[in-house]
Structures are given as C-alpha cells and as structure tokens.
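This report examines a single protein chain, with attention to strand pairing, aromatic contacts and the nonpolar interior. The sequence and structure are shown first.

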Amino acid sequence: MTAAEAVSPVTIRCGFCLTPNRVDLARAAHRPACGQCGRPILLDRPVKVSEEDFDATVLGELLVAKVDTDHAPSVAQRFGIRGIPTLILFKDGSEVGRSVGFEPERVRALAEEAVS
C-alpha cells in the first residue's frame, strides 16, 4: 500500500458556502468539488478552519490549515497561540512540534518530522 492509499478522508469546509465536505486527500489531484454548491475545494493553499470544524479537520491526516485566531479565539487559547505566525504539528491528535514567528529552519525540521 502506498502512502496515498493509506490516507483517510478528512473534513474540509467549503471556502465558498462553508458546507463541511469529506475529502479523500489521495484523490486531491482530481479537484474535489463541494457537495452543496459544486465549487472546487481548493487544496493548493492552506485550508481555513473555524472553531466548529477545527477538530474534524486538523486532527485528520497531514494537512496544512490556517486558523484566523481573531475569529477563533478559543482555538488560540486552547493551544496557547500568542504569536503570529504559529505552526503546530499534530500527530495522532496530539501536538508534537511548534514554531512561533519566522523560523524557516524550525519549520523545515517540523516538515521532515511530519513525513517520517
């Protein structure tokens, strides 16, 4: 089994109509569309998440997500986010690494951890 075949679906909110959609990341190249409005689920950029869908989206497989902490203050408080940008690496639902501010070397190290 390849890494792509091992990926389970994740829940991603449509950026246009905000409907949650289950998306198979192994088929991301096929340009998934929202089941409600039919617009594309844009996976070529960080996925925006809200308080309501944070757990369902972020605690899935490897996924880059963007949280607007001004609109999701409980997520910021829950994870102690005090500086922007903050990159948090989760594995199996638990935090395993963090980078705060501009730290390109630390981000590179976290990315290497994520794929190993």
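The sections below describe a hairpin, a set of aromatic contacts and a nonpolar core.

## Basis of the report

The structure is a predicted model. All values given here are computed from that model.

## The S1–S2 hairpin

Strand S1, residues 10-13, and strand S2 run antiparallel and are joined by 4 bridges. One of the residue pairings is that of Val 10, whose bridge partner in S2 is Val 23. Between the two strands of this hairpin there are 6 residues, and Leu 18 adopts a positive phi near 70 degrees.

In a regular strand, side chains alternate between the two faces of the sheet. Strand S2, residues 20-23, shows such an alternation. Asn 21 and Val 23 point to one face and are buried, whereas Pro 20 and Arg 22 point to the other face and are not buried. Val 23 is thus described twice: as the bridge partner of Val 10 and as a buried residue of S2.

## Aromatic pairs and cluster

The model contains 3 aromatic pairs. In one of them, Phe 54 and Phe 79 are tilted, with 5.3 Å centre to centre and 45 degrees between the planes. Phe 54 belongs to helix H2 (residues 54-58) and Phe 79 to the loop between helix H3 (73-78) and strand S5 (86-91), so this pair ties together parts that are 25 residues apart in sequence.

Phe 79 also pairs with Phe 90, and this pair is edge-to-face, at 5.2 Å centre to centre with 85 degrees between the planes. The contact links distant parts of the chain, since Phe 79 is in the loop between H3 and S5 while Phe 90 is in strand S5, 11 residues apart. Together, Phe 54, Phe 79 and Phe 90 form one aromatic cluster.

Phe 54 is buried. Buried status requires under 20% relative accessible area; Phe 79 therefore counts as buried at 16% relative accessibility, and Phe 90 likewise counts as buried at 18%.

## A charge over a ring

A further contact involves Phe 16 and Arg 39. The charged end of Arg 39 sits over the ring of Phe 16, 3.7 Å from the ring centre.

## The largest nonpolar core

The largest nonpolar core has 18 residues. Those touching the most other members are Ile 12, Ile 41, Phe 54, Phe 79 and Phe 90. Two or more residues each come from S1, strand S3 (47-49), H2, H3 and S5.

The aromatic cluster of Phe 54, Phe 79 and Phe 90 is therefore part of this core, as each of these three residues is named among its members.

Notes. Residues are numbered from 1 along each chain as its sequence is written. This is a predicted model: local features need pLDDT of at least 70, side-chain atom pairs count only at pLDDT 80 or more; totals for chains, interfaces and linings use all residues. Side-chain values use heavy atoms; hydrogens and water are left out. Buried means under 20% relative accessible area, exposed over 50%, partly exposed in between (1.4 Å probe, protein chains only). Two strands pair if DSSP finds at least two bridges between them. Rings of Phe, Tyr and Trp (its six-membered ring) pair if their centres lie within 6.5 Å; planes under 30 degrees apart count as stacked, over 60 as edge-to-face and the rest as tilted. A charge sits over a ring if NZ of Lys or CZ of Arg is within 6 Å of the ring centre and within 35 degrees of the ring normal. A nonpolar core is a set of buried Ala, Val, Leu, Ile, Met, Phe, Trp, Tyr and Cys residues joined through side-chain atoms within 4.5 Å.
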